[in-house]
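Here are my notes on the model you sent round. I've kept them as numbered points so you can reply to each in turn.

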Protein chains: 2
Amino acid sequence: MTVRVGYLGPGGTFTEEAMHVYTAGREIYTKVEFSSIPEMIYAIGTKIDEAVVPFENSIEGSVNVTLDLLIHESRAMIKRELVLPVNQNLFVRKLYSLDEIEVVYSHPQALYQCRKFLHERMPKALWIETASTAEAAQIVAGCEKPWAAIGHSRLGELYGLLLIAENIQDYKNNVTRFIILSMEDCAPTGFDRTSVVFATENKPGSLYKVLGFFARENLNLTKIESRPSRKALGEYVFLLEVEGHRQDEVLKKVLAEVEKNTTYFKILGSYPRWQEGYPPLRGDSCKAMKERLRISN
Amino acid sequence: MTVRVGYLGPGGTFTEEAMHVYTAGREIYTKVEFSSIPEMIYAIGTKIDEAVVPFENSIEGSVNVTLDLLIHESRAMIKRELVLPVNQNLFVRKLYSLDEIEVVYSHPQALYQCRKFLHERMPKALWIETASTAEAAQIVAGCEKPWAAIGHSRLGELYGLLLIAENIQDYKNNVTRFIILSMEDCAPTGFDRTSVVFATENKPGSLYKVLGFFARENLNLTKIESRPSRKALGEYVFLLEVEGHRQDEVLKKVLAEVEKNTTYFKILGSYPRWQEGYPPLRGDSCKAMKERLRISN
């Protein structure tokens, strides 16, 4: 049996890297490239069995398109999470010094993550936003001008570019949390997280009441996020993440209370919490994952 | 005296449209184009006096880059809000039928907002993401191929393109909330909103406690949003928006309580709540604003 796993291309994106960490070179996985997150999520259950998608970054926050598809349109569930470091690097086609570079291309998030470096070391360079870091690399590789691209360390090898500065992001604790989506979530492991979305009546104190159910049981909320209901500006759907599995006794009882007191309620999944090398996906792949993480650091 | 007001170019973006509504053709304003939101926000108080920036969309949610700059880096305050409809339109260089179009270019949010239309009416077209809707129009205008661009109705005139489908967004209640940033917020008008950001101790129930201060006074929270603290994944700064002015007696008392019970606290501003034509910016410009809104609808 093979598992068809979708990832966001082109080659050299951080999502492709996460897919490599997840599949860890195992032959059971067939890789399927997509050019957009929505197309990939719609394909789960038909063209593909699983998808690797970015969910949250420690500097930039939630990836809204992923979250909104899970809230409004998809029946896919979260079966796993991966947390990987994001290191930004500067690439050129020919060897230029930093102050010779006239234009820097990258995805807006990547440019923004390197703002201090760009301001201090390359104050004259113009910033141009691209749809992905890989697209930026393609542009720089295709033109003989003093231009640079910012992105993943693999871009150099993939697009024949020279690395002239490493780890140029302003915040060194820059990590991205990826999730693996599938038609089913994961059985309890004893070290789990549960993601749930709900909407409350639009009146003062209704979110306060729902948070009270968790507070009374001393359950640790690890994330809270509001997203538009899409009905009117100012109406929201909330994402909560809480430690524990939805089949755990206390959490099960709290979630039943939440469901009774909300106008919309949906469990996105219970799945093992990320720890480096834990939970082992399989003996061999766990080692491979650690290897890769060491390389990325 | 002139007021130098920054907006996000190139011509034909929704932000430029919002700047036109705000300045309403008055000669007091000098327009200054920027190519990125961070550059514009950093320039407030030096190169420019005010800036028009997108803050929230009814379908896509908060504009994270704007929110994060206000939380972490800028001392600019919110002095006004504008809520404008977002209508997406399909443009081509020569007259093609929908099923002849091979590629559709646009900003990822615009593509995503028109997903159902694209799937049903142009199922074979490939989607390519660009940095702005205006960039998509430039690409389509520059190449004799069966390509299309999605964006604001003014793109046709600006880039010499033909409009072949109007209002193609999936959700008809698609509006964007823009804010005007300046070094000062606004005096009380009796119909105000206050935006505040804070961080709590990272332990169960601490957000619950802060929301309780507002709930006890029956104050209406119009928005709650979490953003990364940038210290570690899973630590957040919260944005709350509440009806009232920070100088109103009850709200002033509640905000003082919130400040005492949080580890970080900052008021982003108190400013008049948006209503069509209210508050009048000035007699003449209010009429101009209504004219423009009628046209956009």
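1. Start with A:F238: this residue is buried, with a relative accessible area of 6%. Bear in mind throughout that we are looking at a predicted model. Searching the whole structure turns up seven aromatic pairs over all chains. In one of them, the ring centres of A:F198 and A:F238 are 5.8 Å apart and the planes make an angle of 35 degrees, so this pair is tilted. A:F198 belongs to strand β12 (residues 192-199) of chain A and A:F238 to strand β14 (residues 236-243) of chain A, so the pair ties together parts 40 residues apart in sequence. A:F198 is buried as well, with a relative accessibility of 0%.

2. There is also a charge sitting over a ring, and it's worth looking at in both chains. In chain A, A:R273 lies over the face of A:F191, 4.0 Å from the ring centre. In chain B, the charged end of B:R273 sits over the ring of B:F191, at 4.1 Å from its centre.

3. On domains, chain A is divided into three: domain 1 takes in 1-86 + 174-185 + 274-297, domain 2 covers 89-165 and domain 3 covers 192-272. How far apart are the C-alpha centres of domain 2 and domain 3 of chain A? They lie 41 Å from each other.

4. Now helix α3 of chain A, residues 64-72. This helix is mostly covered, with seven of its nine residues buried. The buried ones are A:N64, A:T66, A:L67, A:D68, A:L69, A:L70 and A:I71.

5. A:H72 deserves a point of its own. This histidine is found in helix α3 of chain A. Is A:H72 buried or partly exposed? With a relative accessible area of 27%, A:H72 is partly exposed, because buried would need a value under 20%. Leaving aside residues up to four places away in sequence, A:H72 touches A:P228, A:S229 and A:R230. One polar approach stands out for a check by eye: a polar atom of the A:H72 side chain lies 3.4 Å from the backbone oxygen of A:P228. As for A:V258, 186 residues away from A:H72 along the chain, the two C-alpha atoms are separated by 19 Å.

6. A:N87 is in a loop of chain A, the one between β5 (77-85) and β6 (89-92). Despite the loop setting, A:N87 is buried, at 16% relative accessible area. What does the A:N87 side chain join up with? There is a polar contact of 3.0 Å between the side chains of A:N87 and A:Q169.

7. Over in chain B, have a look at helix α1 (residues 14-23). Ten of its ten residues are buried, so the helix is largely enclosed by the rest of the structure. Charged and polar residues are on that buried list too, including B:E16, B:E17, B:H20 and B:T23. Just after α1(B), B:A24 takes a positive phi of about 45 degrees.

8. Last, the two copies. A turn of 180 degrees, with a shift of 0.0 Å along the axis, lays chain A on chain B with an RMSD of 0.0 Å. The two copies are thus related as by a two-fold rotation axis. Which surface do they use to meet? The copies meet through the same surface, because 100% of the interface residues of chain A are also interface residues in chain B.

Note on methods:
Residues are numbered from 1 along each chain as its sequence is written. Chains are lettered from A and ligands numbered from 1 in the order in which they are written. This is a predicted model: local features need pLDDT of at least 70, side-chain atom pairs count only at pLDDT 80 or more; totals for chains, interfaces and linings use all residues. Side-chain values use heavy atoms; hydrogens and water are left out. Buried means under 20% relative accessible area, exposed over 50%, partly exposed in between (1.4 Å probe, protein chains only). Helices (H or I, at least four residues) and strands (E, at least two) are DSSP runs, numbered from the N terminus. Domain bounds come from an automatic or database domain assignment. Copies are superposed by least squares on the C-alpha atoms of residues with pLDDT of at least 70 in both. Contact means heavy atoms within 4.5 Å. A polar contact is a pair of N or O atoms within 3.5 Å; within protein, one must be able to donate a hydrogen and the other to accept it, and residues adjacent in sequence count only if both atoms are side-chain atoms. Rings of Phe, Tyr and Trp (its six-membered ring) pair if their centres lie within 6.5 Å; planes under 30 degrees apart count as stacked, over 60 as edge-to-face and the rest as tilted. A charge sits over a ring if NZ of Lys or CZ of Arg is within 6 Å of the ring centre and within 35 degrees of the ring normal.
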